[in-house]
Amino acid sequence: MIKILVNDGMHVDGKVLLETAGYEVNTTKVAQADLPAELPAYDVIIVRSATKVRKDLIDACPNLKIIARGGVGLDNIDVEYAKSKGIQVMNTPAASSESVAELVFAHAFSLSRFVYSANRDMPSKGDTEFKGLKKSYAKGVQLRGKTLGIIGFGRIGQATAKVAIGAGMKVVAFDPYLEKADLQLDFFDGQKVNFEIKTISKEEVLKQADFLTLHVPAQKDYVIDEAEFKQMKDGVIIANAARGGVVNEIALVKAIESGKVARAALDVFEKEPQPEIQLLMNPALSLTPHTGAATNEAQDRIGLELAEQIITILG
């Protein structure tokens with residue numbers, strides 16, 4: 001019998017689909033240090049971002065046929081080495097796109113109107129300093145009419161662009177591998193509206209953006225560093241829900257202190273799961289603990305998509 005270890009959790013619908021296909025599915029978490037001893041008994045491992053499947057673990061598991069990643073990135077897996085050993089590597093690049101895009105805009109709305117900060121202050125000061133708080137948070141900005149700059153215009157970048165268009169924003173995008181994208185917005189009454197977005201240079205995106213969001217895979221170097229901050233508008237608002245390490249966090253804090261960056265949102269961090277304290281305590285930052293794909297709908301889609309792929313491969 002095919003044995004599958006689901007090490008970072010999976011929606012119950014995906015688990016049921018695999019079990020209905022006749023596979024044994026274990027959803028008990030195995031600590032990273034214990035995987036070399038436990039994983040050889042399994043044919044498939046399903047992970048998210050927490051579990052690392054590196055060369056040494058692959059070498060310890062001769063029976064492994066599939067490494068499945070629930071989500072977009074594959075930077076926690078030695079993909080090419082696995083493939084060289086005849087192991088199939090799969091992920092679910094489309095399943096969580098809309099959920100990540102919505103989180104970006106949850107942060108964007110919160111940052112533009114100081115909701116993230118007011119929610120901290122109101123419980124402790126709302127009954128004694130109401131007028132003062134009202135005055136301090138009176139300089140919010142609208143998203144409508146502003147320009148959203150998108151770095152990385154794949155599935156998630158395009159999903160984010162659709163939300164931006166719906167909010168009345170102008171969209172500019174950069175992607176080194178894409179010249180244009182055709183976006184279709186579907187509405188509740190069956191209407192569909194199509195937009196063509198032609199990508200421009202990274203420098204132009206940085207210069208034009210009132211709000212900037214990143215949707216790129218893990219990189220060797222920072223995508224946004226001191227040089228990039230210098231090219232941005234004064235008072236820009238930034239969101240990173242892509243990968244920790246694509247934005248230089250030290251340079252970001254400096255840019256906030258100088259006023260170049262008004263406020264920023266981080267869903268991912270260079271030092272997960274222990275982000276730097278200067279980020280956690282910074283009053284200009286809206287923070288979430290890597291929850292971009294953490295919606296019931298996205299997890300359901302991820303689980304079903306992974307199950308379907310595995311069943312197709314293994315039969």
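Tutor: Contact here means heavy atoms within 4.5 Å, and the model we are reading with that term is a predicted one.

Student: What share of the contacts in the protein with a separation of 6 or more is accounted for by residues 24 or more positions apart?

Tutor: We set aside pairs below a separation of 6 and then ask how much of the remainder comes from residues 24 or more positions apart. In this protein that share of the contacts is 59%.

Student: How does the radius of gyration of the protein stand against the globule rule, and what value does it have?

Tutor: The protein holds 13 helices and 13 strands. For 315 residues the globule rule gives 20 Å, and the protein comes close to this, so it is as compact as a globular protein of that length. The radius of gyration itself is 21 Å.

Student: In what order do the 6 strands of the open sheet follow one another?

Tutor: The pairing in this open sheet is parallel, and the twist from one strand to the next averages 15 degrees. Two strands pair on one side only, namely β7 (170-174) and β13 (285-287), and these are the edge strands. Reading across from one edge strand to the other, the order is β7-β6-β10-β11-β12-β13.

Student: Which residue of β11 is the bridge partner of F211?

Tutor: The strands β10 and β11 run parallel and are joined by 4 bridges. F211 takes part in a bridge to β11, where its partner is I237.

Student: Across which strands does helix α11 lie, and at about what angle does α11 run to β12?

Tutor: For comparison of layout, helix α8 (residues 155-166) lies across β6 (147-151), β7 and β10, and runs at about 175 degrees to β6. Helix α11, in turn, lies across β12 and β13, and its angle to β12 is about 145 degrees.

Student: Which element gives the most residues to the largest nonpolar core?

Tutor: The largest nonpolar core has 28 residues, and L212, I224, F229, I238, L252 and V261 are those with the most contacts inside it. At least two residues each come from α9 (202-208), β10 (211-214), β11 (236-240), α11 (249-258) and β12 (261-266). The element that gives the most, with 5 residues, is α11.

Student: Which residues does I224 contact, leaving aside its neighbours within four places in sequence?

Tutor: I224 is among the residues with the most contacts inside the largest nonpolar core. Once its neighbours within four places in sequence are left aside, the residues in contact with I224 are L206, L212, L214, F229, M232, V246, V247 and N248.

Technical notes. Residues are numbered from 1 along each chain as its sequence is written. This is a predicted model: local features need pLDDT of at least 70, side-chain atom pairs count only at pLDDT 80 or more; totals for chains, interfaces and linings use all residues. Side-chain values use heavy atoms; hydrogens and water are left out. A nonpolar core is a set of buried Ala, Val, Leu, Ile, Met, Phe, Trp, Tyr and Cys residues joined through side-chain atoms within 4.5 Å. Buried means under 20% relative accessible area, exposed over 50%, partly exposed in between (1.4 Å probe, protein chains only). Two strands pair if DSSP finds at least two bridges between them. Axes are lines fitted to C-alpha atoms, for helices over the stretch in contact, and angles run from 0 to 180 degrees between N-to-C directions. The radius of gyration is taken over C-alpha atoms; the globule rule is 2.2 Å times the number of residues to the power 0.38.
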